[in-house]
Amino acid sequence: MKKIKGIECPNCGMINPLKQYQCINCGKRLPKHLENNQTKVTKRKNKREMIISLILSFLILVGVVLYGLRKPIQLAQPELDKVCYIYKNRQQKVLYKRYFVVENSPKSKNFTTRVVEVDSPTVMRNMTFSEFNKFYKNNPSRRVKYTSKNINKDGLLKFSDGHYEKYNYGSEKYKNYKHWRMTVSNDPRVYYFQTN
């Protein structure tokens, strides 16, 4: 025979609903032990749910951290500067233009870094870092050595064919912010240059 769930009255034996406080038959107060057991079950259930929530939160946090570590940590990544040099004579008439892509590496010493010369402003503007690396590797004749002991005063561009270009910003007092002094070893016409 199936046992009915409920609280048995110790006085008359009547089976009362679980949350009943007094017997529906004789009115005697019912024992609280079943009610207390029910409360313990609820507390255990709440504790279990809290533990499951904490475990799930921890797993989500671990997943986020691992996803972040999948990507390589990029500290002080080099950047590309894209520069057009406009070469001018003493009368500041434009002679020609040249296009350079410069890798600015934070680890470079004495401002020495990698430079390549490209053929057009479009190539210069659109070059990505991976394209720069490929171009630098496959075109040794287009590499330009760039050095500067003081980046705010002067510098030197050495080309693979042997000629060089030396520029000087001059002293602060006589700085011409539009045109800079330039000496080009294979072109005596050049006297000024301007970056664009």
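Modeller: A ground rule to begin. Two strands count as paired when DSSP finds at least two bridges between them. Keep in mind that this model is predicted.

Colleague: How many bridges pair β5 with strand β6?
Modeller: Strand β6 covers residues 143-147. It runs antiparallel to β5. Pairing takes at least two bridges. Here the count is four.

Colleague: Which residue in β6 is the bridge partner of Arg114?
Modeller: Arg114 sits in strand β5. On the β4 side, Glu103 stands opposite Arg114. In β6, the bridge partner of Arg114 is Lys145.

Colleague: Is strand β5 largely enclosed or largely open?
Modeller: Strand β5 spans residues 113-118. It is joined to β4 by five antiparallel bridges, and β6 also pairs with β5. Five of the six β5 residues are buried, so the strand is largely enclosed.

Colleague: How far apart in sequence are the parts that Glu103 and Arg114 tie together?
Modeller: The two residues form a salt bridge, with the closest N and O atoms 3.0 Å apart. Glu103 lies in strand β4 and Arg114 in strand β5, so the parts they tie together are separated in sequence by 11 residues.

Colleague: Is Glu103 buried or exposed?
Modeller: The cut-off for buried is under 20% relative accessible area. Its partner Arg114 comes to 23%, so Arg114 is partly exposed. Glu103 comes to 9%, so Glu103 is buried.

Colleague: Which residue forms a salt bridge with Arg142?
Modeller: Arg142 lies in the loop between α3 and β6. Its partner lies in the loop between β5 and α2, so the pair ties together parts 23 residues apart in sequence. That partner is exposed, at 62% relative accessible area. The closest N and O atoms are 2.9 Å apart, and the partner is Asp119.

Colleague: What is the relative accessible area of Asp187?
Modeller: Asp187 meets Arg189 in a salt bridge, 3.0 Å from N to O. Arg189 is partly exposed, at 47%. Asp187 is buried, with a value of 10%.

Colleague: Which residues do salt bridges with shared partners join into one network?
Modeller: The salt bridge count comes to five. Some of these share partners, and the network they make joins Arg98, Glu117 and Glu165.

Colleague: How many residues are in the largest nonpolar core?
Modeller: Tyr85, Tyr87, Phe100, Leu157, Tyr167 and Met182 touch the most other members. β3, β4, β6, β7 and β9 each supply at least two residues. A second, separate core has 11 residues, including Cys84 and Phe132. The largest core has 16.

Colleague: Why might nonpolar side chains gather inside a protein?
Modeller: In soluble globular proteins, such side chains tend to be buried together. Phe100 illustrates the contacts here: among the residues it touches are Tyr85, Val115, Val144 and Leu157. In this chain, the share of residues that count as buried is 25%.

Colleague: What accessible area does the nonpolar surface patch have together?
Modeller: Its members include Ile51, Ile55, Phe58 and Leu66. Ile55 lies in helix α1, residues 33-70. Ile55 is partly exposed, at 46%. Together the patch has about 740 Å².

Colleague: How many strands does the protein chain have?
Modeller: From the N terminus, the elements run β-β-α-β-β-β-α-α-β-β-β-β-β. The helices number three. The strands number 10.

Note on methods. Residues numbered from 1 in each chain as written. Predicted model: local features only at pLDDT ≥ 70, side-chain atom pairs only at ≥ 80, totals over all residues. Heavy atoms only, no water. Patch = residues over 30% accessible without salt bridge, like charges linked within 9 Å, V, L, I, M, F, W, Y side chains within 5 Å. Areas by Shrake-Rupley, 256 points an atom, 1.4 Å probe, with all protein chains shown as cover. Salt bridge = Lys/Arg side-chain N within 4 Å of Asp/Glu carboxyl O. Buried < 20%, exposed > 50% of the residue type's maximum accessible area, 1.4 Å probe, protein only. Core = buried A, V, L, I, M, F, W, Y, C linked by side-chain atoms within 4.5 Å. Contact = heavy atoms within 4.5 Å. Lists of a residue's contacts leave out its neighbours within four places in sequence.
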